[in-house]
Amino acid sequence: MDRSNKPSAIGVGASLPQPTVSLHENKVEATLPTGESVTVHLFGATVTSWKLANGREQLFVSEKAHLDGSKPIRGGIPVVFPVFGTSQNHATSSLPQHGFARNSNWEFLGKSSSESLNKDRKEGDDSVKLDFGLSHTLLSEDFRKAWPHEFALVYSVTLSKEGLRTSLQVQNNGSQNFEFQVLMHTYLNIEDISKIRINNLESKTYVDKVQNATTHTESQSALPIVGETDRIYQALDPTVPIVVSSTDGNKPLFSVTREALNDVVVWNPWIEKAKAIADFSPDEAYQKMICVEAGSVAGWQTLEAGDSWEGGQLIRAGL
Ligand code: BG6
């Protein structure tokens, strides 16, 4: 695959502490010298674990998540592409819910670290970037038939002390334009859904899928989750963080800033839906997660033949 941002090799010879990266049983694991770690399954390039230096897990993964490639992984950060939900009368309408990216085996393209980017560092590396690729040649025949475009995706997962960055580059290598939607379906791990609020959505327009996809304006400055929630907040300023805070001392728990991802989906299945989703377990785990999903899903991105597009998010935790 042609890649403009091919990672350079990690430098050798330094006695400074280095991140460790391993590829084992179809998952890539990276740990920083300071103790932060990340795990990415090649199936879906799904981030399934992100731990801080204190060992605390920041992402929720269902106990019944399928990790064998038989279904998209229920938890972590599934990548949604090229369609959010399902579509009608569109080139993506034969694809399954949320597209094929979370349902396909990606390849590991390599790693790069801050050491290779900044040769003068004295303290060793404090970040590591893992790159994953998916292109039409790697898709199953069914997916290729359902969406016959020549494309390449490069998904970069960067772990640093600052947080976890995920960014996606979409390349159109064919001779026809195509349209796509994209979303990073992040399941954040929380202690208690009744004790969180979501900030910085006030006065924003959202489509509420729980209310027949009607359009509303957010009136609350700090949104509590008190029932099934499935909202697409639209046309946000991506540089303004969405902050998940705890009502215990009004403490920020997570902040999510975005680049070129101007929509944010807030999803929690609540009691009945959690029971109805076969791979969501335990039933009460809806209290332990909130999905804050950075995306471009309200309309379609058009990518001209030969062009590329890039978008991403930075999640900070333990603030
Ligand atoms: C959210 C959608 O992004 O994902 C919800 O807004 C959907 O409507 C949820 O229920 C989970 O989707 P899935 O396909 O992983 O069960």
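**Close-up 1. Pro282 and the cis peptide bond that precedes it in the loop between α3 and β20**. In this predicted model, Pro282 lies in the loop that runs between α3 (270-276) and β20 (289-303). The peptide bond joining Ser281 to Pro282 is cis, and its omega is about -10 degrees.

**Close-up 2. Pro82 and its cis peptide bond in the loop between β5 and β6**. The bond from Phe81 to Pro82 is cis, with omega near 0 degrees. Pro82 belongs to the loop between β5 (79-80) and β6 (107-113).

**Close-up 3. The open sheet formed by β1, β2, β3 and β4**. Four strands make up this open sheet in the order β1-β2-β3-β4, and their pairing is antiparallel. At the edges stand β1 (20-24) and β4 (46-51), and because each of them has a single partner strand, one side of each is left without a neighbour in the sheet. From one strand to the next, the twist averages 15 degrees. Strand β3 (residues 37-41) and β4 run antiparallel and are joined by five bridges; within this pair, Val40 has Val47 of β4 as its bridge partner.

**Close-up 4. Ala45, a residue with positive phi in the loop between β3 and β4**. The loop between β3 and β4 contains Ala45, whose phi is near 45 degrees, a positive value in a residue other than glycine. Ala45 has 30 other C-beta atoms within 10 Å and is therefore buried, the criterion being 20 or more.

**Close-up 5. Ala213, a residue with positive phi in the loop between β13 and β14**. Ala213 is not a glycine, although its phi is positive at about 60 degrees. The residue is found in the loop between β13 (205-208) and β14 (214-217). With 10 other C-beta atoms within 10 Å, Ala213 counts as exposed, because the limit for that class is 12 or fewer.

**Close-up 6. His185 and Glu293, the positions that UniProt gives as "active site"**. The UniProt entry, which is unreviewed, places the feature "active site" at His185 and Glu293. These positions span 109 residues in sequence, yet no two of their C-alpha atoms are more than 4.6 Å apart, so they gather at one spot. His185 is located in the loop between β10 (178-184) and β11 (187-189), whereas Glu293 is part of strand β20. Both residues are buried: within 10 Å, His185 has 24 other C-beta atoms, and Glu293 has 25.

**Close-up 7. Contacts of His185 and Glu293 with residues beyond four places away in sequence**. Setting aside residues up to four places away in sequence, His185 touches Ile77, Pro78, Val80, Cys291 and Glu293. On the same basis, the contacts of Glu293 are Leu183, Met184, His185, Thr186, Val264, Val265 and Trp267.

**Close-up 8. The shell of residues around the ligand**. Gln97, His98, His185, Lys209, Asp230, Val265, Trp267 and Glu293 are the residues around the ligand. The shell divides into two nonpolar, three polar and three charged residues. Among its members are His185 and Glu293, the positions at which the unreviewed UniProt entry places the feature "active site". Val265 and Trp267 also belong to the shell, and each of them is touched by Glu293.

Notes: Residues are numbered from 1 along each chain as its sequence is written. This is a predicted model: local features need pLDDT of at least 70, side-chain atom pairs count only at pLDDT 80 or more; totals for chains, interfaces and linings use all residues. Two strands pair if DSSP finds at least two bridges between them. Helices (H or I, at least four residues) and strands (E, at least two) are DSSP runs, numbered from the N terminus. Axes are lines fitted to C-alpha atoms, for helices over the stretch in contact, and angles run from 0 to 180 degrees between N-to-C directions. UniProt positions are given in the numbering used here, feature names are shortened, and annotations may be inferred rather than shown by experiment. Two residues are in contact if their C-beta atoms, placed from the backbone, lie within 7 Å. A residue is near a molecule or strand if its C-beta atom, placed from the backbone, lies within 6 Å of it. Ala, Val, Leu, Ile, Met, Phe, Trp, Tyr, Cys and Pro count as nonpolar, Asp, Glu, Lys and Arg as charged, and the others, Gly among them, as polar.
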